[in-house]
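Work through the exercises below with the sequence and the model open. Each task is followed by a solution in steps.

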Amino acid sequence: MKILLIIPAHNEEASIEKTINSIKNYDYIVINDGSTDHTKQILEENNYNHLDLCYNLGIGGAVQTGYKYAYKNNYDIAIQLDADGQHDAESIKDLIKPIIDGETDFTIGSRFIRKNSNNFKSSFLRRVGIRLISNMIFVFSRKRIYDTTSGFRAANKEVIKYFANHYPKEYPEPISDFELVKLGYKIIEVPARMHERQAGKSSIHSWKSAYYVINVLISIFIIKIRRIKK
Amino acid sequence: MTSLQIEMTVAAIILFLIIIIGLAKNSLSIRSSITWLLLPIAFIIIAIFPGPLESFAHWLGFETLSNFIFLVVIAILILICFFLTIILSRQQNKITKLIQEVSILKHDKKNNEKQK
């Protein structure tokens, strides 16, 4: 089975080397999303396998590029991994196991199931927001996904193909979770270790959180009424 | 001739000239100019025959024809803005796709060169 790690990186000069060193025994592709720091030089000097986006596309466009690459190169499983070291490389095998066993189409590395295995603490407000999104997805689809904003996810071949052609540009994680549920793909949440960010800033912070949640809720509603095809 | 008729004629001529200049300079495509050309044409028709439209405006409850024209023009502008947003979203999607494809092609090219 061909397995690919998709690592979107936007201005991650401080952590990119450490992240790649931790996953060296997997195939990987770093998507340099128009970084303005030294991310590009680091990738080139170390000869890391990477794609350069000439303009910044944002997380959705960058991750989709990775799925396109996985699809074109015939990968069986693609895993999204953040470049900032938040996702624990040790959890990758837990993430892909249900897919290899053919139990599911898609797995989400979750911070919120089996809490004791986890040293990740997110703010109260952020948890409220994630909970709200989770409830909305549950109301619309009868499927409970706890960690709707997790960017640590793995997809099988069918989902890779779907994402290569359709991937939300904004707030991609919760929206694509819901799209997959709506299309009838099987999703399993797997407990995954996540660390506090080692460097850099999260793409979701402080007052932007409320804006983020409202946008996601509206987007989920739109996806609910929109006709989508595999 | 009322002042409204004169003003609309002048506005139509200016708008028409702007569109023609845009077309001549090739900064406006013929396809998108057609929508805009309808506006001065409509202005001219109203300026020449204000009668029917005026009675229509009165029938709708507008006190003057100019009020009615204001409303209609604003409505048209809002519509055009909306369609521009749709076009913009489509263009954005195309640009995103192009950036993605280019990055993958560049990567393939580099790999091929390495193998040689």
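**Exercise 1. The fold of chain B**

Which pattern does chain B follow when read along the sequence? Then compare its radius of gyration with that of a compact globule.

Solution. The model is a predicted one. Step 1: count the elements; chain B has four helices and zero strands. Step 2: read them in order, which gives α-α-α-α. Step 3: take the radius of gyration, which is 23 Å for chain B, whereas a compact globule of 116 residues would have a value near 13 Å. Step 4: look at the extent of the C-alpha trace, about 80 × 30 × 15 Å along the principal axes of chain B. Step 5: check burial; 9% of the 116 residues in chain B are buried. Step 6: turn to the contacts in chain B between residues at least 6 apart in sequence, of which 52% join residues at least 24 apart.

**Exercise 2. The fold of chain A**

Describe chain A by the same steps, and state how its radius of gyration stands to the globule rule.

Solution. Step 1: the secondary structure of chain A consists of eight helices and seven strands. Step 2: its radius of gyration is 16 Å, and the globule rule gives 17 Å for 230 residues; the two are close, so chain A is as compact as a globular protein of that length. Step 3: the C-alpha trace of chain A spans about 50 × 40 × 35 Å along its principal axes. Step 4: of the 230 residues in chain A, 45% are buried. Step 5: among contacts in chain A with a separation of 6 or more, 74% are between residues 24 or more positions apart.

**Exercise 3. The nonpolar core**

Which residues have the most contacts inside the largest nonpolar core, and which helix gives the largest share of this core?

Solution. Step 1: the largest nonpolar core holds 59 residues, and A:I6, A:I7, A:I29, A:I31, A:A78 and A:I79 have the most contacts inside it. Step 2: helix 3 (residues 58–72) of chain A supplies the largest share of this core, namely six residues. Step 3: set this beside the general rule that nonpolar side chains tend to be buried together in soluble globular proteins. Step 4: follow one of the core residues outward; beyond its neighbours within four places in sequence, A:A78 contacts A:L4, A:I6, A:G66, A:Y67, A:A70, A:A154, A:A155 and A:I160.

**Exercise 4. A residue of helix 3**

Is A:A62 buried or exposed, and which residues does it contact?

Solution. Step 1: A:A62 lies in helix 3 of chain A. Step 2: A:A62 counts as buried because it has 27 C-beta neighbours inside 10 Å, and the cut-off for a buried residue is 20 or more. Step 3: leaving aside neighbours within four places in sequence, A:A62 is in contact with A:P8, A:I31, A:D33, A:L53 and A:L57. Step 4: compare sequence and space for another pair; A:A62 and A:N46 are 16 residues apart in sequence, with 21 Å between their C-alpha atoms.

**Exercise 5. Strands 2 and 3**

In which sense do strand 2 and strand 3 of chain A pair?

Solution. Step 1: strand 2 (residues 27–33) and strand 3 of chain A pair in the parallel sense over four bridges. Step 2: name one bridge; A:D33 has A:L53 in strand 3 of chain A as its partner. Step 3: add the helix; strand 2, helix 2 (residues 39–45) and strand 3 of chain A form a right-handed β-α-β unit. Step 4: inspect the faces of strand 3 (residues 50–53) of chain A; A:H50 and A:D52 on one side and A:L51 and A:L53 on the other are all buried, which leaves both faces covered.

**Exercise 6. Two positive phi values**

Where do A:N47 and A:Y171 lie, and is each buried or exposed?

Solution. Step 1: most residues other than glycine have a negative phi. Step 2: phi of A:N47 is positive, near 60 degrees, and that of A:Y171 is positive at about 45 degrees. Step 3: A:N47 lies in the loop between helix 2 and strand 3 of chain A, while A:Y171 is in the loop between helix 6 (157–165) and helix 7 (172–183) of chain A. Step 4: A:N47 counts as exposed, with 8 C-beta neighbours inside 10 Å, whereas A:Y171 has 24 and counts as buried.

How values were computed. Residues numbered from 1 in each chain as written. Chains lettered and ligands numbered in written order. Predicted model: local features only at pLDDT ≥ 70, side-chain atom pairs only at ≥ 80, totals over all residues. Helix = DSSP H or I, 4+ residues; strand = E, 2+ residues; numbered from the N terminus. Rg over C-alpha atoms; globule rule 2.2 N^0.38 Å. Buried ≥ 20, exposed ≤ 12 C-beta atoms within 10 Å, placed from the backbone. Contact = placed C-beta atoms within 7 Å. Core = buried A, V, L, I, M, F, W, Y, C linked by C-beta atoms within 7 Å. Pairing = 2+ DSSP bridges. Right-handed = clockwise from strand over helix to strand, strands pointing away.
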